[in-house]
Amino acid sequence: MAIKSAKGTRDILPGEVGGWQRVESAAHRIFALYGFREIRTPIFEPTELFVKSTGSDTDIVTKEMYTFTDRGDRSITLRPEGTPGVVRAVLEHRLVGQGEIERLYYLGPMFRYERPQKGRYRQFSQIGVEAFGSAHAATDAEIMQMVIALLADLGIADALLQINSVGHSECRGVYRQALRDALMPRRDELCPDCQRRLDVNPLRILDCKTPGCMQIVATAPRILDYLCSDCSTHFAQVRECLETLSVRHEVNPRLVRGLDYYTRTTFEVVSDKLGSQNAICGGGRYDDLVASMGGPAVPGFGFAIGEDRLVMVAAEMPGAGPCSAPADIYIVHLGPEALKEGLAAAGALRARGLATRIDPDARDLKKQMSKAAGWGARYALLIGERELQGGKYALKRMADGEQHEVPARQWDQIRLEIARA
Ligand code: HAM
């Protein structure tokens, strides 16, 4: 039997790629408006990078990483998320020092060994952003506004921004204890994973999707009631700035997120068009991460959009339209001399920015015209031996069959005629 793609991976076929390109070009354009620059980091990194930054007892690190030993006996992991690699690169190349600002973004594949379902894959793509150097609440609001601006650019107006604060490490410590104390008497009712989480990291219980655990968690203490006054003020300021920027949002006190590095603001953007995997985007503040990786005390704020999910939602928006590649001219050649002329014509037209196709193997007129239609060409340029001798080609508009002669080799004239149409 023919080999199939690995479980949890998929091909993005030519008919779908337009949707991806549309999303990516909007991201490049809008992130640049906010002063972000692109960075490209490796797809694999030393395993310890993720253990140290994503967190040693997160689901990602304990259950989901693609880790292997390479031929040099090094433990290597396919990146499950982009933040650790970017922080590593920032430190390795000294891109940011204390008191400095650096705004970076990235696009590319991530790998997590999860149970595949709609919107959840083992290889998926993220569009992520990391902003270093500002702890100000206005930065959080500005960057969340940027996500909303990107979605709006793609015609998505009904996604919901949910925010929360997980405080800094001390207020989180106090809350962790309060949560453990509250849940301990109901330990036996929790799922086996959460019984373990209760000992190791009870905050993880808040995002367990098991119905029994969700019910127990509904009555548990809320982290917002345990924030110190600085963290509380920061959260109030974030909300105020969001109001100033007219960014609609909702507070979700259970939003703690599945990665270890967050401090203070956490957020997600959810869409009801996605089913159970409803988060288009997740992120938050990480003021201790850079220092914990051996760098200067530089605060950070970032997010990652699940591109697979964003493309899915964007495609459903009215006006998204089919995203097809351009198909300007199909060259029909009739005879060996005409083929040579056609190849030259194709080169000259492409050099003038026209998407042009010619099929050297095709011979008769009917077959070539049907190929032109199949490709979706706007025009067919017919070159026959007779036309060649007369110094002319025939240009046929595919939509209505209108056909007229054009002088041979007058490429600019041909380009102008097509541009005018
Ligand atoms: P995350 O919440 O793990 O955060 O992932 C961000 C987004 O990636 C999710 O909201 C979802 O849309 C998408 N995603 C995650 N896993 C999958 C999957 N298996 N299949 C399809 N899509 C998926 C992070 O990765 C952080 N690095 C975000 C961040 C950047 N925080 C600060 N800076």
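**Exercise 1. Find how far apart the centres of domain 1 and domain 3 are, taken over C-alpha atoms.**

Start with the bounds in this predicted model. The domain assignment gives domain 1 two segments, 14-168 and 228-313. Domain 3 covers 329-420, and domain 2 covers 170-223. Now take the centres of domain 1 and domain 3 over their C-alpha atoms: they are separated by 49 Å.

**Exercise 2. Work out which strands each supply at least two residues of the shell around the ligand, and which one gives the largest share.**

Begin with the shell itself: 26 residues surround the ligand. Next, look for the strands: E6 (123-132), E10 (279-285) and E11 (300-306) each supply at least two of the shell residues. Then pick out the largest share, which belongs to E10 with 5 residues. Finally, sort the shell by character: 12 residues are nonpolar, 7 are polar and 7 are charged.

**Exercise 3. Identify the residues that come nearest to the ligand, then trace some polar contacts and the buried area.**

First, the nearest residues are Glu81, Glu114, Glu130, Tyr262 and Ala279. Follow Glu114 further: an N or O atom in its side chain is 2.6 Å from a nitrogen atom of the ligand. Arg112 places a polar side-chain atom 2.9 Å from an oxygen atom of the ligand. With Phe303, turn to the backbone, where an N or O atom lies 3.3 Å from a ligand nitrogen atom. To finish, consider the area: the ligand taken alone exposes 660 Å², and the protein buries 95% of that.

Key: Residues are numbered from 1 along each chain as its sequence is written. This is a predicted model: local features need pLDDT of at least 70, side-chain atom pairs count only at pLDDT 80 or more; totals for chains, interfaces and linings use all residues. Side-chain values use heavy atoms; hydrogens and water are left out. A residue is near a molecule or strand if one of its heavy atoms lies within 4 Å of it. A polar contact is a pair of N or O atoms within 3.5 Å; within protein, one must be able to donate a hydrogen and the other to accept it, and residues adjacent in sequence count only if both atoms are side-chain atoms. Accessible areas come from the Shrake-Rupley method with a 1.4 Å probe; for residues, only the protein chains shown count as cover. Helices (H or I, at least four residues) and strands (E, at least two) are DSSP runs, numbered from the N terminus. Ala, Val, Leu, Ile, Met, Phe, Trp, Tyr, Cys and Pro count as nonpolar, Asp, Glu, Lys and Arg as charged, and the others, Gly among them, as polar. Domain bounds come from an automatic or database domain assignment.
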